[in-house]
Amino acid sequence: PVPTRLQDYTPPAWLVETVHLTFRLDPEATVVRSEIRFVPGAGGDLHLDGQALRLLSASINGEAIRPDLHECGLTVLEEQLPDGPFTWVAETRINPQANTALEGLYMSNGMYCTQCEAEGFRRITYFPDRPDVMAVYTVRIEGAEPVMLSNGNPAGSGEGWAEWHDPWPKPSYLFALVAGDLRSVEDSFTTRSGRDVDLRIWVRDGDQDRCAYAMDSLKRSMKWDEEVYGREYDLDLFQIVAVDDFNAGAMENKGLNIFNSKYVLASPETATDGDFEGIESVIAHEYFHNWTGNRITCRDWFQLSLKEGLTVFRDQQFSADMRSEPVKRIDDVLRLRAAQFREDAGPLAHPVRPAEYIEINNFYTATVYEKGAELIRMLREIVGAEGYAKALDLYFERHDGEAATIEDWLKVFEDATGHDLTQFKRWYEQAGTPRVHVAEQFEDGRFTLTFRQETPPTPGQPEKAPVPIPIRWGLLGAQGEVAAGTFVLDKAQDSLIVEVPERPVPSLLRGFSAPVILMHEGAPGDRAARLARDTDPFNRWEAGRSLALDTLVQGADPQDWLDGTIAVAMDETLDPTFRALALGLPSEDEIARQIAETGRSVDPDAVRADRIGLDRKLAEALGPRAAELRAAMATPGPYSPDGDAPGKRELANRMLGLMTRLDPTAPEAPFADATNMTDRLTALALLVREGRGEAALAEFHAQWQHLPGVVDKWFAVQAGQAAPDRAVEVVTALTEHPDFNWKTPNRFRALVGGFAGGNPAGFHRVDGAGYRFVADWLIRLDKLNPMTAARLSGVFETWRRYDDTRQDLMEAELERIASTDGLSRDTAEMIGRIRA
Ligand code: HT7
Ligand code: ZN
């Protein structure tokens with residue numbers, strides 16, 4: 001297939017003013033009538049995208065035509081078109097029931113549902129399915145479904161029909177339709193200018209009592225966007241629909257967000273604290289897209305980070321405001337390193353704004369999302385909070401109603417703040433994680449920090465130029481902080497000189513002010529000093545993490561880490577969530593990435609054993625204090641997902657994990673006594689980890705088999721916690737379980753993804769059985785759902801980290817996948833890039 005290239009962008013030949021769609025719903029033969037008012041754009045032939053459509057009729061200005069149909073759409077030559085505006089009418093037939101790709105119009109549990117981003121609308125009707133064609137939509141739905149929804153405001157309904165009108169011009173990827181037997185939970189919000197907005201969350205009957213947290217999160221998001229960004233909601237109605245079959249987390253369709261039910265439904269008994277937090281942030285994320293994505297959209301898909309990076313940054317700010325800012329920052333960095341640094345270090349590395357793609361669905365990545373958000377965080381660091389606010393105001397003022405580019409985005413910052421961002425643009429164009437090396441010198445009351453940056457080569461980009469790196473720093477003296485500031489490293493090498501009477505302990509890259517790898521160990525004892533008393537909480541945590549990694553990667557003596565971490569754990573003045581984070585060990589994958597950084601090959605069994613060994617040492621060093629601390633963190637009274645209760649539970653459960661290292665029966669009583677899912681699932685996972693989970697698993701399943709989201713947890717916990725030497729057998733047996741509905745992405749991800757991602761030593765079993773299991777299922781899923789299959793192929797992206805035996809085994813599986821007949825374009829592109 002020919003790649004699509006950013007440099008080949010051309011403006012649309014024809015623009016669209018209005019679209020009238022009529023759907024006659026039928027599970028196997030839905031007929032879609034489209035009436036589209038085209039007006040001249042750049043001029044030329046009319047090309048309409050279309051996929052898996054049956055064209056029943058077409059006309060231009062009332063005259064029937066027979067357009068030239070081809071594999072990816074249809075074309076009407078310029079000479080066959082009127083000179084000026086014209087009306088196109090077409091009828092197409094589609095089969096939602098047969099749509100297992102879950103793109104376009106499909107069925108989930110008997111309910112009609114759409115997913116149009118990025119290129120799903122072309123599976124509904126012929127259309128210029130590109131984000132720079134924005135139009136006003138009116139939609140009529142005819143059918144027997146009790147509830148029939150589309151974007152915008154309701155425009156009328158009667159027996160067997162409903163009409164919707166969305167006054168805001170939008171690209172086709174934001175179109176949505178939902179129809180089925182749904183129940184709503186309702187509320188309202190009054191905007192700061194006094195507009196009353198009805199809020200509705202639609203779910204299956206029986207799920208209404210699990211929507212309260214999502215609704216509350218929505219109202220808090222609406223208020224926050226008004227207060228922090230000055231953005232008000234702009235329709236009379238905001239609706240969310242929860243569906244069980246969904247390829248991703250959620251979708252920001254204008255006025256009608258569609259959500260994976262995982263990010264809507266929650267109650268204390270069925271959802272963990274982490275689930276609640278996820279709901280809050282995904283609800284906020286999709287809501288914030290109303291301005292950053294919908295009112296201002298992307299000119300083309302290369303600009304995806306324009307909406308995604310910015311919206312992730314906004315949802316991170318929101319969650320930080322709702323919860324604890326330092327804890328949120330640590331969580332976000334953990335996520336960034338786990339997914340984005342991993343991506344940047346391997347064959348799938350690509351810039352935040354890629355230059356080409358074969359299948360755009362493959363570029364909804366941690367780089368576009370999470371690194372994209374980091375770029376915005378750096379921009380804010382560079383221009384200051386006030387400059388950032390001015391730039392954002394200008395962005396909304398200048399580009400409202402438009403399909404914009406990264407250039408437009410940077411220009412508003414330049415115009416609003418006077419900064420020259422020419423060099424900053426490299427952050428969008430260069431892949432790879434910059435390394436910042438630091439040398440220190442103290443002489444005659446002058447402390448000199450010399451920074452040097454380099455970015456390793458990535459696919460297609462052997463050479464890198466320096467990027468501007470804002471390094472927030474502080475110097476710690478014996479009595480506390482003696483100096484602090486932000487240094488922007490914009491050359492290959494540069495120095496910062498500070499006058500101080502004594503050699504200080506430097507604290508660099510505070511708050512993780514740039515997405516780089518800081519190569520800075522400093523003088524002996526400095527990390528322990530930072531862990532004990534850095535005034536920047538992020539760097540306090542980072543010092544502990546770096547000491548733990550020294551042990552796990554280099555085999556260093558863990559005493560400094562043990563002493564410092566236990567001191568943090570026992571410090572009652574600190575937030576319990578922060579204490580729990582300080583006690584957390586790097587994941588096996590993170591340790592593997594760090595080993596690979598040193599140029600050594602990774603032995604996944606040794607990584608696991610060393611990690612368990614360090615955990616055990618921590619448990620031994622804590623001794624009886626673990627149980628005492630656990631008891632002190634009890635949260636009696638009704639469950640709350642907010643305030644300090646989740647942090648206390650996290651710390652208490654971390655203690656339980658450590659206690660279990662020394663006494664495998666420790667989780668038995670907590671499992672039996674748990675009154676919420678957070679505690680119950682933790683205890684269950686520990687029991688399974690210790691090989692004592694059989695009865696608990698049976699009880700858990702019997703209790704929750706009617707709730708798909710909880711059954712997903714049941715599968716995932718077994719896949720992730722099974723002993724590595726028999727994990728393949730465990731997951732293979734689970735594929736035979738009657739509840740393993742592998743066509744449902746959540747279930748597939750819970751088991752196959754939960755194994756490949758959650759059980760590294762099991763996946764990398766040296767006989768290759770783990771690789772074979774994953775490849776078999778990937779090939780099987782690819783025939784039905786290429787998007788989800790292609791995503792799974794990322795589990796092989798690190799294959800070059802391992803020993804020759806494992807590399808050969810993985811390569812053989814990659815080869816087997818690549819040579820599968822009829823492999824989707826999505827998966828073929830991913831496997832091709834991974835192998836290159
Ligand atoms: N903008 C959305 C991204 C998306 C998506 C969602 C569901 C299914 C397929 C999808 N492809 C792209 C979600 C978001 O980032 O907010
Ligand atoms: Zn998004």
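A residue counts as buried here if 20 or more other C-beta atoms lie within 10 Å of its own, as exposed if 12 or fewer do, and as partly exposed in between, with C-beta atoms placed from the backbone. Keep that in mind for later. What you're looking at is a predicted model, where local features need pLDDT of at least 70, side-chain atom pairs count only at pLDDT 80 or more, and totals for chains, interfaces and linings use all residues. Residues are numbered from 1 along each chain as its sequence is written, while chains are lettered from A and ligands numbered from 1 in the order in which they are written.

Let's begin with helix α8, residues 526-533 (helices are DSSP runs of H or I with at least four residues, strands runs of E with at least two, numbered from the N terminus). Its buried residues are R527, R530 and L531. They sit on the same side of α8 because they cover an arc of only 100 degrees around the axis, going by the directions from the helix axis to the C-beta atoms. These buried residues pack against β30 (505-508), α9 (537-554) and α10 (559-570), contact being C-beta atoms within 7 Å.

Now over to a sheet. Four strands, in the order β10-β11-β16-β13, make an open, antiparallel sheet; strands pair if DSSP finds at least two bridges between them. At the edges are β10 (104-108) and β13 (147-150), each pairing on one side only. Further in, β11 (residues 111-115) and β16 (residues 177-180) pair in the antiparallel sense over two bridges, and Y112 has A179 in β16 as its bridge partner.

How values were computed
Two residues are in contact if their C-beta atoms, placed from the backbone, lie within 7 Å.
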